[in-house]
Structure formats: C-alpha cells, structure tokens
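Visitor: Got a minute to go through this one with me? I'd like to start with the ligand and then look at the fold.

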Amino acid sequence: MIQKPFHDPVLKKEIKDVLLDGKVTIFVDGTLGLGGHAEAYLAEHPSLKIYMATDLDAQHLTLAKERLSEWAEKLELHEANFSALVDLIPKAKSRQSGLVSFLLDLGLCSNQLDDANKGFAFAVDGPLKMSYSETSDLSAEEIVNDYSAEELSRVLNDYGEEPMHRKIAKKIIEARPNQSLKTTWELRHVIESAVPIHQQRKTLTRVFQALRMEVNQELHHLELVLKALPEILEAGDRIGIISYHSLEDRMVKQHFKRLSKPKTEATDLSLHTEVEPAQFKLVTRRAIEPSGEEIERNPRSRSAKLRVIQKI
Ligand SMILES: C[S@@+](CC[C@H](N)C(=O)[O-])C[C@H]1O[C@@H](n2cnc3c(N)ncnc32)[C@H](O)[C@@H]1O
C-alpha cells in the first residue's frame with residue numbers, strides 16, 4: 001500500500017461529509033490521481049459497491065490500482081478523460097441501484113508538477129510537454145513553436161488572464177528563428193526577457209497554467225461534464241468539484257447557480273413566470289475551503305474551492 005510521503009487528499013473530510021452516506025453505492029472519481037480520496041472512502045464506506053474512476057495519466061492508474069488492490073472487485077478504472085463519464089455513469093447506474101456521488105478534483109497532482117519529464121513546471125528543466133496523458137495529440141512545444149501571435153495571445157489571455165499576453169506572444173514569435181523552444185527553461189528565459197524581474201514569477205505561473213489548460217483543453221472537458229449533469233444524474237445524486245483557480249471556479253459556480261434556479265419566462269402579466277422547476281439544489285451555498293491546519297500541512301491545498309450540488 002502506498003503511504004506517506006503523499007499528502008492527505010485535499011478536503012478529504014469535507015468531501016466525505018457532503019458526498020458520502022449509506023445510500024451512495026456508486027462513487028465516481030473523475031480524477032483518480034494516486035487514489036488518495038479513493039482509499040479513504042473505500043476504507044470507510046463498505047456500502048460502496050462500485051468505485052468508478054478515470055485518469056489520463058496511465059502511471060497514476062497503475063499506482064492507484066496497486067494502492068487500492070484490497071477493493072479490486074469494486075474498482076472500475078478507465079484511462080480516459082473524465083468527460084467520458086458522461087457515457088459511463090448511466091451504464092453503471094443501469095447495473096447498480098442506489099445513489100451516485102461524483103467527484104472532480106481538478107488540475108494536477110504535486111508529483112506531476114515535480115516531475116521534470118512532464119514539463120508542467122518552470123521550476124525544473126524538462127521537455128515542453130504539459131500533457132496529463134503520454135498519448136496526447138498536442139504538446140506545449142507545438143503551441144509555442146507553431147501557434148500564430150494572435151493564437152498565443154488568446155491562450156495566455158483566456159487561460160492565464162495574463163495582462164502582458166500580447167507582449168509575451170510577440171517575444172515568443174521573435175525568439176523562434178534563433179532557437180526552437182523545446183524545454184521549460186528555454187521558454188522561461190524568453191518570458192523572463194519580456195517582463196520586469198519583480199513580475200517574473202507571477203507571469204511564469206500564469207503562462208505555464210495557460211499552456212497546460214490549452215494542451216489538455218481543460219475548460220472544454222469540464223464544460224462537457226457540467227452540461228451533461230441533468231441527463232446523467234438522477235434524484236438524490238450529487239456532484240462535488242474542487243477547483244484550484246478562478247477560471248474553473250467561476251465556471252463551476254455559474255453553472256451550478258443556473259442549474260439550481262427554476263427556468264422563468266417573461267409573459268404579458270409577469271416578467272418571471274416559472275416554466276420549469278429547478279433541476280438541482282445547492283448543497284454548498286459558499287465554496288468550502290481547506291482549514292488553516294490543512295493549508296499548513298499541505299500548502300498546495302491553499303487555493304482549493306469545493307462546490308457541491310444535488311439533483312432534485
Ligand atoms: C489533483 S489530482 C487528483 C488527486 C486525487 N484526488 C487523489 O486523491 O490522489 C488530479 C488528477 O486528475 C488527472 N486529470 C486531470 N485532468 C483530467 C481529465 N480531464 N480527465 C481525466 N483525468 C484528469 C490528473 O492526471 C491527476 O492525476
């Protein structure tokens with residue numbers, strides 16, 4: 001069994017409190033990672049009959065499978081994007097009665113960030129890959145070497161909310177004839193040459209985040225899941241999403257808000273006649289965040305925000 005040095009999974013107890021009770025028989029974990037949440041919930045909830053999980057990182061699936069071998073007969077692991085769950089959840093529901101709880105713990109695990117070979121971090125030198133999956137069609141290297149200035153600028157602005165997106169895109173284009181950008185540090189040096197020293201760290205963080213989100217089409221896959229929720233979940237089923245940055249959290253918050261409001265239409269008599277009742281209710285009115293104690297133990301949890309809704 002895999003033990004420390006892995007951190008406890010983020011918001012482990014808070015998720016248990018809002019997503020698990022004796023009626024939940026199918027737990028759907030879209031971002032299995034190293035199986036930290038899975039281990040805790042399988043150990044504490046013998047009433048779970050199916051633990052269905054996806055991850056794009058084949059290495060994570062192998063490690064988690066080993067860690068969770070005690071519950072092998074309950075596991076259904078898929079090397080797939082979590083958006084594939086839109087088809088997999090109804091199939092699981094047709095085989096097993098009871099409620100579904102669905103968890104997405106977005107983004108990447110610390111060990112992926114620390115792995116130079118994956119190219120996610122500007123702190124370590126490595127190939128400019130930034131994909132969760134080894135079989136991805138797109139890499140950060142292709143983006144920085146092949147995208148036009150307009151496309152690069154759009155990625156940095158949309159996914160990094162980078163104020164100097166145009167200037168950085170221009171610098172990257174200018175660097176191309178002299179050097180093809182193949183490593184995280186080659187890209188880092190180009191970005192550092194475009195911004196004042198005191199802004200470099202924040203800019204690098206935003207640019208690397210933006211490229212990762214483009215490589216993995218992160219908001220697109222999240223949106224696919226959010227849009228499918230009314231079809232794939234049934235009364236009593238819940239979904240909890242942990243986001244780590246404002247773009248994702250905003251998307252989750254707005255979507256959950258829309259789903260938990262009745263549909264109204266303007267008529268001759270009133271501006272707000274209810275034409276369809278709300279399909280979901282908010283389980284968390286405000287996002288749940290890690291305690292000070294958790295942040296101290298695991299500083300990378302500090303930006304986590306958990307939002308949960310339930311189908312009515
Ligand atoms: C924050 S970690 C999850 C940690 C996990 N909850 C645990 O307890 O170990 C996120 C995981 O989701 C995976 N991932 C990210 N985006 C994904 C996607 N669109 N589809 C499937 N897996 C994804 C990453 O490869 C990573 O393993």
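Guide: Sure. A polar contact here means a pair of N or O atoms within 3.5 Å. Keep in mind that this is a predicted model.

Visitor: OK, so how far is the backbone N or O atom of Thr-31 from a nitrogen atom of the ligand?

Guide: That backbone atom of Thr-31 sits 3.5 Å from the ligand nitrogen. Gly-35 also uses a backbone N or O atom, which lies 3.4 Å from an oxygen atom of the ligand.

Visitor: And what does the side chain of His-60 do?

Guide: A polar side-chain atom of His-60 is 2.8 Å from an oxygen atom of the ligand. As for cover, the ligand has 610 Å² of accessible area on its own, and the protein covers 94% of that.

Visitor: Which residues come nearest to the ligand?

Guide: There are 23 residues around the ligand, and the nearest are His-37, Asp-55, His-60, Phe-82 and Asp-105. By type, the shell splits into ten nonpolar, ten polar and three charged residues.

Visitor: Switching to the fold: which way do strand 2 and strand 3 run, parallel or antiparallel?

Guide: Parallel, with five bridges joining strand 2 (residues 50–55) to strand 3 (residues 75–79). One pairing to look at is Met-52 with its bridge partner Glu-76 in strand 3.

Visitor: What do those two strands make with helix 3?

Guide: A right-handed β-α-β unit, with helix 3 covering residues 58–67.

Visitor: How many helices and strands does the protein chain have?

Guide: The chain has 13 helices and nine strands. Its radius of gyration is 21 Å, close to the 20 Å that the globule rule gives for 312 residues, so the chain is as compact as a globular protein of that length.

How values were computed:
Residues numbered from 1 in each chain as written. Predicted model: local features only at pLDDT ≥ 70, side-chain atom pairs only at ≥ 80, totals over all residues. Heavy atoms only, no water. Near = heavy atom within 4 Å. Polar contact = N/O pair within 3.5 Å; in protein donor to acceptor, adjacent residues only side chain to side chain. Areas by Shrake-Rupley, 256 points an atom, 1.4 Å probe, with all protein chains shown as cover. Nonpolar A, V, L, I, M, F, W, Y, C, P; charged D, E, K, R; others polar. Pairing = 2+ DSSP bridges. Helix = DSSP H or I, 4+ residues; strand = E, 2+ residues; numbered from the N terminus. Right-handed = clockwise from strand over helix to strand, strands pointing away. Rg over C-alpha atoms; globule rule 2.2 N^0.38 Å.
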